[in-house]
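Before reading on, take a moment to turn the model around and find its strands, its helices and its ligand. The paragraphs below then lead you from one long helix to the strands, and from there to the ligand.

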Amino acid sequence: MSTRALDEARTRSLENAVRDAHVLVTTGAGGVGKTTAAAALGVAAARTGRRTLVLTIDPARRLAQAMGLDGLTDEPHQVSFDAHDGSSTAEPAGELWAMMLDMQTTFDRLIDRHATSRENAAAIKSNRIYRTLSSTLSGTQEYMAMERLHELHDTGEWDLLVVDTPPTRSALDFLDAPNRMTSFLEGRLLRLLLKPGVAAGRGVGRMVGASATAFMRVAGRVTGMELLQDLANFFRDFEGMYEGFKERADQVLALLRDPDSRFVVVTSPEPPPLREARFFLERLEQEGLHAAGVVVNRVQPEMPRDPSAASLRRAAEKLDDGDDPAEPATASALRLLDDVRNLATRQRRDVAAALYSVEPPVLVEVPLLGRDVHDVDGLKEIASTLTATR
Ligand SMILES: Nc1ncnc2c1ncn2[C@@H]1O[C@H](COP(=O)(O)OP(=O)(O)O)[C@@H](O)[C@H]1O
Ligand SMILES: [Mg+2]
């Protein structure tokens with residue numbers, strides 16, 4: 001169909017997103033580079049003069065150190081970096097801030113906000129059912145990231161908020177999180193726990209599986225009577241909070257649907273994460289959410305077509321027969337060059353095969369670096385790639 005649209009997408013970069021968006025959410029399969037991309041987008045935005053905050057979830061330890069996020073902190077914290085080095089822009093330096101999501105603190109604040117009284121909030125927060133479910137219910141971390149995003153948006157202090165997403169099994173879980181959270185809070189959870197086998201709506205089935213497991217974990221630790229008491233209290237104390245929660249979930253979704261909120265879909269050039277990226281782009285479209293583009297991370301850079309594979313092979317064969325001990329090594333190097341070039345071609349074919357039908361507005365490739373990205377210089381390098389126009 002439209003490989004031309006994909007070729008056009010390749011000529012654009014995330015520069016506009018970095019300059020104009022108010023919210024950027026990086027999403028994608030596990031381990032593809034979401035956290036790295038989020039931090040690099042933050043660096044790029046700060047370089048264009050914007051006051052930027054990166055809300056990160058699970059940075060690799062050394063990256064966290066580099067960004068000054070060593071201790072767990074739920075508050076934004078300024079990252080010092082030289083915005084102008086290497087770049088010849090005359091733009092005023094922006095600011096780069098970072099913080100790590102603390103799920104429990106965010107959930108507790110949500111309870112404080114919606115509880116009917118201070119006693120009510122305290123009762124819920126000390127309830128064992130709440131403490132276990134709030135940290136193990138699938139989708140909670142995703143939802144809390146969105147909730148925290150909304151709080152930060154409300155402060156009006158940030159030009160751009162870059163949100164990293166949790167290492168979810170599937171990136172799609174992320175989009176289901178607000179709905180699952182509301183179903184949970186509407187008490188459907190209880191009904192389903194009491195009557196397993198009741199027909200569950202789409203998405204709810206998986207939630208029940210995870211909740212039931214969390215529930216059994218609590219059940220294993222306390223006696224039956226204590227458990228029943230906690231459960232009764234939990235639902236009694238939540239009474240009257242559902243409306244507030246639901247409203248909040250709607251506000252969070254509205255913020256995500258705003259045209260200034262855009263999703264950056266990160267993938268590696270292998271078929272499984274590429275498939276996930278395609279599903280995610282399709283889902284964004286269905287949900288009326290906006291894609292900033294796709295980042296294909298850790299790609300093998302393209303190489304010159306010359307010399308041809310056939311002449312490389314011929315040259316290697318000739319060297320194999322030579323007497324000089326260095327020649328077989330040179331022959332191996334020539335064959336390796338051919339393999340790497342084929343890999344680069346195959347990766348581009350796989351990307352095109354997976355994504356041509358979803359037509360992302362931007363497609364950027366980030367080369368596989370010879371080292372981990374664990375410092376601000378590494379982030380700057382990736383930031384430049386993400387925003388470079390070809
Ligand atoms: N282009 C790249 N080249 C080399 N290493 C990379 C690149 N992008 C990311 N990495 C490394 O891959 C690992 C996983 O990246 P990360 O951003 O934590 O993935 P995710 O957040 O999707 O789980 C990290 O150690 C990171 O430094
Ligand atoms: Mg991550």
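This is a predicted model, and a good place to enter it is helix α16, where A331, Q347, V351, A354 and L355 are buried. The elements that cover these buried residues include α1 (3-11), α14 (271-286), β7 (290-299) and α15 (309-320). Helix α16 covers residues 326-355, and its 30 residues should span 44 Å at 1.5 Å a residue, which agrees with the 44 Å that lie between its end C-alpha atoms. It helps to keep in mind that an α-helix has 3.6 residues a turn, so residues three or four places apart point the same way.

One of the elements that cover α16 is β7, and this strand deserves a closer look. How many of the 10 residues of β7 are buried? The count is 8 of the 10, so β7 is largely enclosed by the rest of the structure. On one side of the pairing, strand β6 (residues 261-267) runs parallel to β7 and is joined to it by 6 bridges. To pass from β6 to β7 the chain goes through α14, and this β-α-β crossover is right-handed. Two pairs of residues let you find this pairing in the model: V266 stands opposite V295 in β7, and T267 has V296 of β7 as its bridge partner. Strand β7 also runs parallel to strand β8 (residues 363-367), with 5 bridges joining the two, and here V296 stands opposite E365 in β8. Thus V296 can be followed in two pairings, with T267 and with E365.

Strand β6 itself is mostly covered, since 7 of its 7 residues are buried. The burial involves both faces of β6, with S261, F263, V265 and T267 on one side and R262, V264 and V266 on the other. Besides β7, strand β6 has another parallel partner, strand β1 (residues 23-28), with which it pairs over 6 bridges. In that pairing V25 stands opposite F263 in β6.

Some details of the backbone are worth finding as you trace the chain. In strand β7, R298 has a positive phi of about 60° although it is not a glycine. R298 counts as partly exposed because it has 18 C-beta neighbours inside 10 Å, whereas a buried residue needs 20 or more. Further along, the loop between β7 and α15 holds P307, and the peptide bond that leads from D306 to P307 is cis, with omega near -5°. The loop between α16 and β8 contains E359, a residue other than glycine whose phi is positive, near 45°. With 17 C-beta neighbours inside 10 Å, E359 also counts as partly exposed.

The last stop is ligand 1, which is surrounded by 17 residues, the closest being K34, T35, T36, L369 and D372. The elements that give two or more residues to this shell are α3 (34-47) and β7, so the strand examined above returns here. Which element gives the largest share of the shell around ligand 1? That element is α3, with 3 residues. By character, the residues of the shell divide into 7 nonpolar, 7 polar and 3 charged.

Notes. Residues numbered from 1 in each chain as written. Chains lettered and ligands numbered in written order. Predicted model: local features only at pLDDT ≥ 70, side-chain atom pairs only at ≥ 80, totals over all residues. Helix = DSSP H or I, 4+ residues; strand = E, 2+ residues; numbered from the N terminus. Expected span 1.5 Å × (residues − 1). Buried ≥ 20, exposed ≤ 12 C-beta atoms within 10 Å, placed from the backbone. Contact = placed C-beta atoms within 7 Å. Near = placed C-beta within 6 Å. Nonpolar A, V, L, I, M, F, W, Y, C, P; charged D, E, K, R; others polar. Pairing = 2+ DSSP bridges. Right-handed = clockwise from strand over helix to strand, strands pointing away.
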